[in-house]
Amino acid sequence: MSTDGFDLDRPWQVDSRVSMRPEPFGALLYHFGTRRLSFLKNQRVLAVVRSLAEHPSARAACAAAGVTAAELPVYARALAALADSKMISERRVV
Amino acid sequence: MTLTRQAAPGAGSSSASPGRLVDLFQLGLDAPICLTWELTYACNLSCVHCLSSSGRRDPRELTTAECKQVIDTLERMQVFYVNIGGGEPTVRPDFWELVDYATAHHVGVKFSTNGVKITPEVAARLAASDYVDVQISLDGATAEVNDAVRGGGSYATAMRAMENLSNAGFRGFKLSVVMTRQNIPQLNAFKSIADRFGAQLRLTRLRPSGRGADVWHELHPTAEQQRELYDWLVAHGEDVLTGDSFFHLSAYGSALPGLNLCGAGRVVCLIDPVGDVYACPFAIHSQFLAGNVRDAGGFESVWRTSDLFKSLRTPDTGGACRSCGHYDSCRGGCMAAKFFTGLPLDGPDPECVQGYGEAALAGVSGSTPKPSVDHSHRRVPVTIGRRPPKRDCDENPLAGFAAS
């Protein structure tokens, strides 16, 4: 769960092979390629993940969802874990 | 249940943190994460431990159109994938049609097979899809151990299927093994077979369900073997899948990877070939029957409103296990294993690693519950007469029979 290699200033997106299901506690994610299940533990991290593709960077997506500077490291760790498990991937910008 | 490994990313320290996911799952989800769907009771084999007592097709099995309606419902409920089994699901003439329909409707498919239909052509087709996974069943790393349980020739069939998948470039399909007293000494050999074919090893627990109830006492691992299995699983970590079926072993110490929870009626369930919905694949008995997909409201209504599922989603009291220091690790073990060995559902698992199960089993008197449905092949004993002709020139087959 290290944040090494996770760049908050890059553009990110949910992998095209991931199915995301909202739940009262957040969301469940299933990756059809790796066949692994992940969880999002609250609504705000769900809002961040859902909007990744609409923002120029992960940092911007966090800010738009109301994540404060103090909370940012916690969200960066969550996103790094999602990147490690290939649930989210870097978006190529053309 | 067959949950894959999970990471649990989340903003854990934030105020919205809901606590442990296992506690949330205990109370059930609006839709299953995945479910087991047995498409037919027909099977070319007669495995002695078959948990669904399969063999003969049931004339009431869901039609192709009804199966597609179920898939439509699963898509609407956002069920991620179905574990298709049987019986041998690939003997259904519409099997591939249903697989294609499910994946086209965003319902992933993992199917279990003995390999009988996995030709090189089928293997090539399967290798091309991200949304279909295959599990080949093999219960011995040698033909001798496997065929004693699954029947003559079944080892060769499974090995040929794996070779075909491997040659087609299918990486990471599953080699699925039910652990028994006879095959636990072969753990490393199973891993070698999986590695040779580029497959992932999946080990699951023998349940006393279906025909398994008749052989459980001879086949289930000894206490020493359970310890050996636990240590082996800990050493291999996430390389080896378990369908989270060994959570009762977590009482040995640290929890095994995966979700240590009975998901019956909470995050998983079973749809059987005639559309009956049971709490889990190991509990085909009227006591665990929640409804039928043909009922008004279909599967969605059964999942959300059945009294049985509602009661399974209430917090567990732990019963006789409540005072045990290991209850938080093993959660009392497997409901189906207790039920079919005649133990109370709120007591210890028959294979409780602390030994409470053995003691409880010794106190079981009278008969244990029998499965409500049995589609086993009928074994009609046929005696072939060996009656040599009375004279060398008797060619008429009726020669020697007296007319009556």
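This briefing covers one strand and one helix of chain B, with the elements that surround them. The structure is a predicted model. Strand β2 of chain B, residues 34-38, has 5 of its 5 residues buried, so the strand is largely enclosed by the rest of the structure. Helix α10 of chain B, residues 298-305, has its buried residues on the same side, because they cover an arc of only 160° around the axis.

**Strand β2(B) and its neighbours**

- In a regular strand the side chains alternate between the two faces of the sheet.
- In β2(B), B:Cys34, B:Thr36 and B:Glu38 point one way while B:Leu35 and B:Trp37 point the other way, and all of these residues are buried.
- Strand β3(B), residues 81-85, runs parallel to β2(B) and is joined to it by 5 bridges, with B:Asn83 of β3(B) standing opposite B:Thr36.
- Between these two strands the chain passes through α2(B), and the resulting β-α-β crossover is right-handed.
- Strand β8(B) also pairs with β2(B) in the parallel sense, over 2 bridges, and here B:Ile271 of β8(B) stands opposite B:Trp37.

**Helix α10(B) and its packing**

- The buried residues of α10(B) are B:Gly298, B:Phe299, B:Val302 and B:Trp303.
- An α-helix has 3.6 residues a turn, so residues three or four places apart point the same way.
- The buried residues of α10(B) pack against two helices of chain B, α2 (64-76) and α11 (307-312), and against the strands β8 (270-271), β9 (276-278) and β10 (289-292) of that chain.

Key:
Residues numbered from 1 in each chain as written. Chains lettered and ligands numbered in written order. Predicted model: local features only at pLDDT ≥ 70, side-chain atom pairs only at ≥ 80, totals over all residues. Buried ≥ 20, exposed ≤ 12 C-beta atoms within 10 Å, placed from the backbone. Helix = DSSP H or I, 4+ residues; strand = E, 2+ residues; numbered from the N terminus. Arc of directions from axis to C-beta. Contact = placed C-beta atoms within 7 Å. Pairing = 2+ DSSP bridges. Right-handed = clockwise from strand over helix to strand, strands pointing away.
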